[in-house]
Amino acid sequence: MKKKIIINADDLGFSLGVNEAIKNAHLDGYLSHASLMCNTDFFDHALKEIIPVCPDLKIGLHVNLTCGKALYEGNVLAKDGKLNSSFVKLLLMPKKKKVLDALEHEIESQLLEAKKNNIFLNHIDGHEHIHIIPSINKIVKKLAKKHSIKRIREINENIITSSKFNLRTASLANIIKLMLLRFLSLFNDNKNEIKFYSILNTCEINEENLFNYLEKGNDDHIEIMLHPGIIEMDKNYNELDKRFIDFLRSDFRTQEYNVCFNNKFEDYEAMV
């Protein structure tokens, strides 16, 4: 029996280079899913130029609380209508009622922005994995149930297994990230039906590690998270925080873009 996989590109709507990479990787490659940011500069471009020509691409909501515009007008977490936060800031922020209300209203506003544009949402995940923060995860699960969205991304990769296949190219930051996300996931009500690949190589996925894991690992239902981009299209885009600009212009965007076209994916069955 073939292993079943989801090949998901995060950040649809983030930039022109990301949007075009996702379109090409789906139409000419093996990309099956994408997660849409509804509060970013290239959301409209994704709506008009990408999604209509990719009718078989499964679209999810990429909850974004760390950058972009606030879609909830009364969002106390925004400054001048803009979100500018980080995973750590959101994690440590005291979760007073007004904060939890703002988080829920903002997430639902992003969800409704997709729905009002006739996008059927296949799944929910989070930009920079903010949906794993337990207080936010509870809100996401509540809204997923309310809006009949069946799948929420889980960060459930086994540390020992992931280390076997990915540690040699893992950065210290990603090692710390995996341990933190796995710890926080203990406080979430997870199904563990689909394994996640791979925090240890977040934003730096390479073909050798990936296919070694797919061929030799024991997991048979797997989500692969990629961040493909065409960096030449984003070289003059300067409307984001420097950390995101550096991310969009990294050679790893090209590396992960190329992964999407590897014909070894023929050996696996795409999940819906």
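**Entry 1: the largest pocket**

I began with the lining of the largest pocket in this predicted model, and by class I found twelve nonpolar, ten polar and seven charged residues there. I then looked up the volume of the largest pocket, which is about 670 Å³. The lining comprises 29 residues, and I noted E128, K177, T202, C203 and R243 as the closest to the centre of the pocket. I next listed the elements that give two or more residues to this lining: β1 (4-12), α3 (87-92), α7 (172-185), α9 (242-248) and α10 (251-259). Which element gives the most to the lining of the largest pocket? I recorded α7, with six residues.

**Entry 2: the second largest pocket**

I turned to the second largest pocket, for which I noted a volume of about 350 Å³. I counted 17 lining residues for it, with K150, R151, I152, E154 and K191 nearest the centre. Two or more residues of the lining come from each of α5, β5 (151-152) and β6 (195-197). I entered α5 as the source of the largest share, three residues. How do the residues of this lining divide by class? I obtained five nonpolar, one polar and eleven charged residues.

**Entry 3: the cavity**

I searched for cavities of 30 Å³ or more and found one. Its space amounts to about 50 Å³. I wrote down the residues that line the cavity: E157, N158, T161, S162, N166, F196, Y197, Y213 and D219. The elements that give two or more residues to this lining are α6 and β6, and I recorded the largest share, three residues, for α6. By class I noted three nonpolar, four polar and two charged residues in the cavity lining.

**Entry 4: helices α6 and α8**

As α6 contributes to the cavity lining, I looked up its packing against α8. Helix α6 spans residues 159-166 and helix α8 spans residues 207-216. I read an angle of about 130 degrees between them, with the axes 9 Å apart. That angle makes α6 oblique to α8. I also recorded the crossing of α6 and α8 as right-handed. Which residues of the two helices meet? On the α6 side I listed T161, F165 and N166, and on the α8 side N209, N212, Y213 and K216. By class, this contact has two nonpolar, four polar and one charged residues. I noted that T161, N166 and Y213 take part in the contact of α6 with α8 and also line the cavity.

**Entry 5: helices α4 and α5**

I closed with helix α4 (residues 97-116) and helix α5 (residues 134-146). Their axes come within 10 Å, and I read a crossing angle of roughly 40 degrees. Is the arrangement of α4 and α5 roughly parallel or oblique? I classed the two helices as oblique to each other, because angles under 35 degrees count as roughly parallel. The crossing of α4 and α5 is right-handed. From α4 I listed L100, L103, E104, I107, E108 and L111 as meeting S135, I136, I139, V140, K142, L143 and K146 in α5. I divided the residues of this contact into eight nonpolar, one polar and four charged. I noted again that α5, a partner of α4 here, gives the largest share of the lining of the second largest pocket.

How values were computed. Residues are numbered from 1 along each chain as its sequence is written. This is a predicted model: local features need pLDDT of at least 70, side-chain atom pairs count only at pLDDT 80 or more; totals for chains, interfaces and linings use all residues. Side-chain values use heavy atoms; hydrogens and water are left out. Axes are lines fitted to C-alpha atoms, for helices over the stretch in contact, and angles run from 0 to 180 degrees between N-to-C directions. Helices (H or I, at least four residues) and strands (E, at least two) are DSSP runs, numbered from the N terminus. Angles under 35 degrees count as roughly parallel, over 145 as roughly antiparallel, 65 to 115 as roughly perpendicular and the rest as oblique. A crossing is left-handed if the near helix is turned anticlockwise from the far one by less than a right angle, and right-handed if clockwise. Contact means heavy atoms within 4.5 Å. Ala, Val, Leu, Ile, Met, Phe, Trp, Tyr, Cys and Pro count as nonpolar, Asp, Glu, Lys and Arg as charged, and the others, Gly among them, as polar. On a 1 Å grid over the protein atoms alone, a cavity is a set of points where a 1.4 Å probe fits but cannot get out, and a pocket is an open set with protein on both sides within 12 Å along at least five of seven lines; lining residues have an atom within 4 Å of a point. Grid points are joined across faces, edges and corners, and a volume is the space filled by probe spheres set on the points.
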